[in-house]
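Hi,

Here is the structure I said I'd pass on to you. Have a look at it first, then read my notes below.

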Amino acid sequence: MNCAERLVALFGSQAEVARRFKLDRAVVSHWVKVGYVPARWAMEVESVTEGQILALEVLNEANNRRPVRVKSRGEDDTFFGSATPGSDTMNSFAPAKRIHSFHPPQRTLMGPGPTEIHPRVLTTMSQPAIGYLDPVFVEMMEELKSLLRYVYQTKNPLTFPVSGPGSVGMEYCFVNMVSPGDKVVVCINGVFGGRMLENVIRCGGTPVVIEHEWGTPVDPQRLEDTLKANPDTKIVAFVHAETSTGCLSDAKTLVEVAHRHGALTIVDAVTSLAGVPVLVDEWGIDAVYSASQKCLSCTPGLSPVSFNERVVEAVKARKDKVHSWFMDMNLLASYWGATTRTYHHTAPTNSLFALHEALLLIREETLEDCWARHQRHHVALKTGLEAIGLQFLVKEENQIPQMNAVRVPEGVNEAEVRKRLLNEFNLEIGAGLGPLAGKIWRFGTMGYSCRPENVMLSLSALGSVLSDMGLPVHVGDAEAAAHHAYAQMHAQAAQQKKRAA
Ligand SMILES: Cc1ncc(COP(=O)(O)O)c(C=O)c1O
């Protein structure tokens, strides 16, 4: 009996097989007629029959009837199971479907990160691997640290990329700085402030939370009042640029307030770094972390961090061991430290090559021009979005140039719009999170994604989809407004240049 007949025998009729597989009866009848069950149903067959008919049996039978053609295999080879090289046991763990090399589509990434990656960074990343203690690599690490000090505007020696995404950088700060019982003031005005709170709790700290309405900046006066009421506060933590809302807080003032009350500061600069000024030394930020995939425009998975001397001393003075082996500053410093290097973990070498190149691009552009570029394209995008009636969530003076959150117009299915942008225009934008889910769209203009062609595509694609969905949007208005904004900015820049000459 073939697998199709066995299914019918097992469940009593073709109709019952169809019901179990949620299929039309004609499909099952076709299986019986051709004498096999197509390979794509193999896993389903094994699960519906609770293992009475194995996926492997379906696969081999189907492959004998309609062999999968693989150039390097002879016609007689069975693709799955015992006839191929390798033992039966090992092949039973082989994937049930034919797997090809992965080739992602070309997308325009205008969401909250990751961003598009400059071709120079991608090329660098695909260079041959070398060891993480190779003298050439060690030399590159020193350059990487100095480039990071430049983007952070700091002289802190302990500035390096932790292996892991921004969330690891966040944990690195909290797990090193918060001892059980330490009082930590956490300012929350979006998703990521909430994660800081979670870190404090997990480190055994005593959190004091200042909740803000999402979309508003952290209020220095409320911080001042909270610190007056909690004079034993050790640390103040806040997010500089809240990605979930597109709201920028005044980091300089918040750090000043914390220091007036003798507290250290942990600042999340994941979205802010390289998009807007983050002046670590001038503002006196004590501990800061960021991520590689936002305005640094590198591949995700690295988190640049920086501790000043006060933090380094405080961590070294801890009586208890840091509650994470991987993120213990003292151990990581033995790998990233300037003089001798010893093994800590296998560093992601090719990702670090990529970050080196991404930072070099910023150095070549200069940090000031990089901030100015983010501001310029933000203005153009904003002018275009407002021209078709969209409203920003955040007040103008608190908007983050690289993270533009706009309200979804009444009655519009926001997920459908994003789906159409992706499917029809290969354009990715972000959705709202938490209480803002379904209520906002988030347009990132970060790093290498922050280019005029991406701004214009976003505006024309959105205008076209909204108009197609029946909204009173005139196609072309958004682009025209953005062009006008660009022209004005270029004229102003030319005038300034003339005056300066
Ligand atoms: C402000 C902020 N903090 C932390 C994170 C976490 O970074 P990651 O997703 O790289 O772990 C993000 C990610 O978007 C973020 O926007």
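Before the first finding, a quick definition: a helix here is a DSSP run of H or I at least four residues long, and helices are numbered from the N terminus. Also keep in mind that this is a predicted model.

Let's start at the ligand. Which helix gives the most to the shell around the ligand? That's α9, residues 166–177, with three residues. The ligand has 14 residues around it, and the ones that come nearest are Pro-165, Gly-166, Ser-167, Thr-243 and Val-270. Sorted by class, the shell holds eight nonpolar residues, five polar ones and one charged one.

Next, a pair of helices. Two packed helices are described by the distance between their axes and the angle between them. For α8 (residues 135–152) and α16 (residues 349–365), the axes come within 9 Å and cross at roughly 45°. Because of that angle, α8 counts as oblique to α16. Their crossing is left-handed. On the α8 side, the residues making the contact include Phe-137, Met-140 and Leu-144, while α16 brings in Leu-352, His-356 and Arg-363, among others. Taken by class, the residues of this contact split into 12 nonpolar, two polar and two charged.

Now for the sheets. One is an open sheet of seven strands with mixed pairing, and its order is β2-β10-β9-β8-β5-β3-β4. At its edges you'll find β2 (159–163) and β4 (206–211), each pairing on one side only. From one strand to the next, the twist averages 20°. Inside this sheet, have a look at β5 (residues 235–239) and β8 (residues 264–268): they run parallel and are joined by five bridges. Ile-235, for instance, has Leu-264 of β8 as its bridge partner.

Helices lie across these strands too. α10 (residues 191–202) lies across β3 (183–188), β4, β5 and β8, and runs at about 165° to β3. α14 (residues 309–316) lies across β8, β9 (287–289) and β10 (302–307), at about 110° to β8.

There's also an open sheet of three strands, β11-β14-β13, with antiparallel pairing. β11 (403–407) and β13 (430–431) are at the edges with a single partner strand each, so one side of each has no neighbour in the sheet. Five bridges hold β11 to β14 (residues 440–444), and these two run antiparallel. Try finding Arg-407, whose bridge partner in β14 is Ile-440.

Cheers

Key
Residues numbered from 1 in each chain as written. Predicted model: local features only at pLDDT ≥ 70, side-chain atom pairs only at ≥ 80, totals over all residues. Near = placed C-beta within 6 Å. Nonpolar A, V, L, I, M, F, W, Y, C, P; charged D, E, K, R; others polar. Axes fitted to C-alpha atoms, helices over the stretch in contact; angles between N-to-C directions. Parallel < 35°, antiparallel > 145°, perpendicular 65-115°, else oblique. Left-handed = near helix turned anticlockwise from the far one by under 90°. Contact = placed C-beta atoms within 7 Å. Pairing = 2+ DSSP bridges.
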